[in-house]
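Reader: Before I rely on any of the labels used for this protein, I would like to go through them one at a time and hear the grounds for each.

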Amino acid sequence: MGTGRQKFNMMADFSAPPDPSQMRPFWSILRRTAEENPAPDTPSPVRIGLALGGGFARGIAHAGVLRVFEQYRIPIHCITGISAGSIVAAAYASGATSEEIARAGCSMRFRDVGRWSLGRLGVVGSECMQRFLERLLKAYRFEEMRTPLGVMATDLFTGNPVAFSESGVVFDPIRASCSYPGLFQPVRYRGQLLVDGAMSVEIPAALARQLGANRVISVYLPAPSPEVEPRNVFQVVNRCFQILQRRSEDLWRSETDLVLSPDVRGMDWNAFGQGPRLIEAGEAAARAVLPQIQEWFARVQCRAA
């Protein structure tokens, strides 16, 4: 009702220019209407947002997805990541090629990202991850990335997702996004105690939309087969989180246009020695959906012709 009164008063007095503050609601509605109803003869370009899920060592499969996208020249407007996906996303956004990411993934070991350090909040410290990231990344700040980058962590107090994308050094947000509760110690950053982003949302598809994507491709790394009985306390905790995440799957799927699911179910969370197989799984999943991605671009070209 308040907006209606403002519009009436603005139109009633033609003797003076309208107050800019009264015009804001009008322009906001006009802009939103134009975005939701584009002219038929001006098709919107395809802006792909690639959202990478977590999976610890199994995240090496993301490099295979990127390799296929590079081979077929699929442009990526923005890239987001959670946990292991945040490492790959940051590397790609900084300018690293899929081959460089694949080599780093195949040579990567647990000691590159964590050190056993018994503490009250976890048994592994991730400070050493920064040295690994310094070797892999071509840029270290969000605002310096060649491709817009989004990293998601979780506020341990509120349980809410915390997104990083605009500015600042990427190291601590990535460490936080990878801080699996019970194993890695939480990361204190900007007054918040942060843990693995997958605790609040499994795949940052919505963040890719916020960065401007109009086609979101989510890369989901399925958990090991539930028929395999957990063999240690970490696998028990991991299985519990998998159960919780399965129940919130609709949240990220509702923001996703296409799901890639590399077949990594036979790989354990610390399968660092199986890098080539993980990359092959990522490549196979990407090739399987290439026709659908290429169709997006073909539709735009047909409408523009």
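**Labels and their grounds**

Author: Let us begin with Phe56, which sits in the loop between β1 and α3 (61–71); please keep in mind throughout that the model is a predicted one.

Reader: What makes the phi of Phe56 worth a remark?

Author: The phi of Phe56 is near 55°, which is a positive value in a residue other than glycine. Most residues other than glycine have a negative phi. A second case is Arg73, which is not a glycine either and has a positive phi of about 55°, and Arg73 is placed in the loop between α3 and β2 (78–82).

Reader: Why is Arg73 called exposed?

Author: The relative accessible area of Arg73 is 75%, and the label exposed is given over 50%, so Arg73 counts as exposed.

Reader: How do you know that β9 has strand partners, and which strands are they?

Author: Two strands pair if there are at least two bridges between them. Strand β1 (residues 48–52) is joined to β9 by five bridges, and the two run parallel; within this pairing, Ile48 has Arg215 of β9 as its bridge partner. On β9 and strand β10 (residues 258–260) there are three bridges, again in the parallel sense, and here Ser218 has Val259 of β10 as its bridge partner. With five bridges in one case and three in the other, both pairings meet the requirement of at least two.

Reader: What makes you describe strand β9 as mostly covered?

Author: Strand β9 spans residues 215–219, and four of its five residues are buried, a label that requires under 20% relative accessible area.

Reader: How many residues of helix α4 are buried, and which residue follows the helix?

Author: Helix α4 (residues 84–94) has eleven of its eleven residues buried, among them Ile87, Val88 and Tyr92. The helix is followed by Gly95, whose phi is positive, near 115°.

Reader: Why is the contact of Arg209 with Glu255 called a salt bridge?

Author: The closest N and O atoms of Arg209 and Glu255 are 3.5 Å apart, and the criterion asks for a side-chain nitrogen of Lys or Arg within 4 Å of a carboxyl oxygen of Asp or Glu, so the pair qualifies. Arg209 lies in helix α8 (residues 205–210) and Glu255 in the loop between α10 (249–253) and β10, so the salt bridge ties together parts that are 46 residues apart in sequence. In total, the structure holds 13 salt bridges.

Reader: Which other acidic side chain does Arg209 meet, and what does that contact tie together?

Author: Arg209 also meets Asp257 in a salt bridge, at 2.7 Å from N to O. Because Asp257 lies in the loop between α10 and β10 while Arg209 lies in helix α8, this pair ties together parts that are 48 residues apart in sequence.

Reader: Are Arg209, Glu255 and Asp257 buried, exposed or partly exposed?

Author: The relative accessibility of Arg209 is 28%, that of Glu255 is 28% and that of Asp257 is 34%. Partly exposed covers the range between the 20% and 50% limits, so each of these three residues is called partly exposed.

Reader: What makes Glu283 buried and Arg287 partly exposed, when the two form a salt bridge?

Author: Glu283 has 11% relative accessibility and therefore counts as buried, a label kept for values under 20%, whereas Arg287, with a relative accessible area of 37%, is partly exposed. Both lie in helix α11 (residues 275–304), four residues apart, about one turn of the helix. Salt bridges that share partners join Arg67, Glu99, Glu283 and Arg287 into one network. For the pair itself, the closest N and O atoms are 3.9 Å apart, and the limit is 4 Å, so the contact counts as a salt bridge.

Reader: Why can Arg131 be counted in a surface patch of positive charge?

Author: Patch members need over 30% relative accessible area and no salt bridge, and Arg131, at 48%, counts as partly exposed. Arg131 is placed in helix α6 (residues 129–136), and it gathers with Arg109, Arg111 and Arg115 in the patch of positive charge.

Key
Residues are numbered from 1 along each chain as its sequence is written. This is a predicted model: local features need pLDDT of at least 70, side-chain atom pairs count only at pLDDT 80 or more; totals for chains, interfaces and linings use all residues. Side-chain values use heavy atoms; hydrogens and water are left out. Patches are made of residues with over 30% relative accessible area and no salt bridge: like charges are joined within 9 Å, nonpolar side chains (Val, Leu, Ile, Met, Phe, Trp, Tyr) within 5 Å. Accessible areas come from the Shrake-Rupley method with a 1.4 Å probe; for residues, only the protein chains shown count as cover. Lys and Arg count as positive and Asp and Glu as negative; His and the chain ends are not counted. The place of a charge is taken as NZ of Lys, CZ of Arg, CG of Asp or CD of Glu. Buried means under 20% relative accessible area, exposed over 50%, partly exposed in between (1.4 Å probe, protein chains only).
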